[in-house]
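Here are some short exercises for getting to know a new structure. Take a look at it, then try each task before you read the solution.

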Amino acid sequence: MSSLKFQPPRGTRDLIGDEFRRHHRVIKTARRISALYGFEEWATPIFEDTRVFARGLGETSDVVSKEMYTFEDRGGDSVTLRPEYTAGLCRALVTNGLTQSNLPRKVFAAGPMFRYERPQAGRYRQFHQIDLEILGAAEPLADAEVIACGYHILKELGLDEGAILEVNTLGDTESREAYRAELIAYFSAHREALSEDSKRRLEKNPLRIIDSKDEGDRKLVAGAPTIEAFLTEGARAHWDALRRHLDGFKVPYRENPRIVRGLDYYSHTAFEFVTDRLGAQGTVMGGGRYDGLVQEMGGPATPSVGWAAGIERLAMLMEVAGLTPAAHRLVTVIPVSEAEERVAVDVLQSLRAAGIAAEMGYRGNLKRRMERANKQNARAALIIGEAEAAKGVAQLRDLDAGTQEEVALTALVERLRG
Ligand code: ATP
Ligand code: MG
């Protein structure tokens, strides 16, 4: 044996057993509920042309400036492992010529994301997201519906009690320009107290400072002006309508003027579902409106809105709440000797054909096979010895009740369905 001891790469995890089932439950639930709202599922590549994510000099978000897995491939092209879904989905809308008709497109996607971050509980370098986008709808009703669908998914997962929706508006460009000037004035007056990162943000994108996780920054942010006073009439109308529609969809929320989101492309609506059950990594779902992104991909103006949720964080919430899905329970078919293997395989296949999960070991005597059945938490064992095979029956042992009875092979499916 080799003496190498491999570990998964830093910030990555293997999903096995309970963890996998929680993870899978999140995706399955999101797929089912989003379909109820008219979303269709798309899959886009895990890596893209780097420019899909880093669009020119305007990018100041941590994701783009510090966290991307970017490399040159063997052909000399710069590619990036996707750190987020939205940009790739907008790229796909444009690439596939879908911007001209049949808008809005309502898209659901789920898969892995990659960010070079400092790993800690709830923060990984490969993590997974579920994602919803409504591409090509400027109406605040779309903002509210995409949020309502997110809330419905949380509810279906049993997590709505533990997370609360916080909403904010970032206004339109005009509102934001005015607000930006005010923020620069405010933070400039406190420049010395700002973190190094935020000093840099001050020139490029002072809104970013509001999102800072630095202790000192946060103290300053608490006293910073909010956008409220700078909203144009149109921006205010959008904001009012959003809240009205959230009431219509019966989604509880609170307003939080500190929510600006981690990426640069948002306008109007910004929101997060937050929880106090996960320590520092409290945001489980976040998103907002982005009206310029499809254009940056070379498409026509296509106002859009969407969100992404971290599957690991939702899975952690499920774990905390004791909501781990149980493993599938099998029926174990046990031939007592090799002579009964043939009839046992017939039984095995007839159960599977009827939709009953079943397995049969490859080796071992009756005792060994029963041990494995118990270890696997099988619900029943079907024991077929020489006498049973001759008679066309099996001993059906209910592993929960501990009872055993003889059942005709032809009656097994019926019996095990009950
Ligand atoms: P954070 O402020 O926690 O860094 P973010 O604003 O960078 O989050 P988004 O880009 O909005 O996050 O991604 C949406 C969701 O994806 C987050 O709310 C979170 O649940 C999850 N997420 C983001 N980064 C990670 C990560 N490194 N590991 C696990 N989940 C993550
Ligand atoms: Mg982040």
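The exercises below cover two helix pairs and a ligand site in this predicted model.

**Exercise 1.** Work out how helix H5 is oriented relative to helix H10.

*Solution.* Start with the axes: those of H5 (residues 140-156) and H10 (residues 233-248) come within 8 Å and cross at roughly 40°. That angle makes H5 oblique to H10. Next, look at the handedness, which is right-handed for this crossing of H5 and H10. Finally, find the residues that touch: H5 brings Pro140, Leu141, Asp143, Ala144 and Ile147, and these meet His238, Ala241, Leu242, His245 and Leu246 of H10. Sorted by class, the residues of this contact are 7 nonpolar, 2 polar and 1 charged.

**Exercise 2.** Describe the crossing of helix H6 and helix H7, and name the residues that make the contact.

*Solution.* The axes of H6 (residues 173-189) and H7 (residues 196-204) come within 10 Å, crossing at roughly 145°. H6 passes H7 in a left-handed crossing. On the H6 side you will find Arg180, Ile184, Phe187 and Ser188, while H7 offers Leu202, Glu203 and Lys204. The classes here are 3 nonpolar, 1 polar and 3 charged.

**Exercise 3.** Find the residues that come nearest to ligand 1, then look for its polar contacts.

*Solution.* Begin with the surroundings: 16 residues lie around ligand 1, and Arg115, Glu117, Arg123, Lys213 and Arg261 come nearest. Now turn to individual atoms. A polar backbone atom of tyrosine 124 is 2.9 Å from a nitrogen atom of the ligand. The side chain of glutamine 129 has an N or O atom 3.1 Å from a ligand oxygen atom. For arginine 313, a polar side-chain atom lies 3.1 Å from an oxygen atom of ligand 1.

Terms used:
Residues are numbered from 1 along each chain as its sequence is written. Chains are lettered from A and ligands numbered from 1 in the order in which they are written. This is a predicted model: local features need pLDDT of at least 70, side-chain atom pairs count only at pLDDT 80 or more; totals for chains, interfaces and linings use all residues. Side-chain values use heavy atoms; hydrogens and water are left out. Axes are lines fitted to C-alpha atoms, for helices over the stretch in contact, and angles run from 0 to 180 degrees between N-to-C directions. Helices (H or I, at least four residues) and strands (E, at least two) are DSSP runs, numbered from the N terminus. Angles under 35 degrees count as roughly parallel, over 145 as roughly antiparallel, 65 to 115 as roughly perpendicular and the rest as oblique. A crossing is left-handed if the near helix is turned anticlockwise from the far one by less than a right angle, and right-handed if clockwise. Contact means heavy atoms within 4.5 Å. Ala, Val, Leu, Ile, Met, Phe, Trp, Tyr, Cys and Pro count as nonpolar, Asp, Glu, Lys and Arg as charged, and the others, Gly among them, as polar. A residue is near a molecule or strand if one of its heavy atoms lies within 4 Å of it. A polar contact is a pair of N or O atoms within 3.5 Å; within protein, one must be able to donate a hydrogen and the other to accept it, and residues adjacent in sequence count only if both atoms are side-chain atoms.
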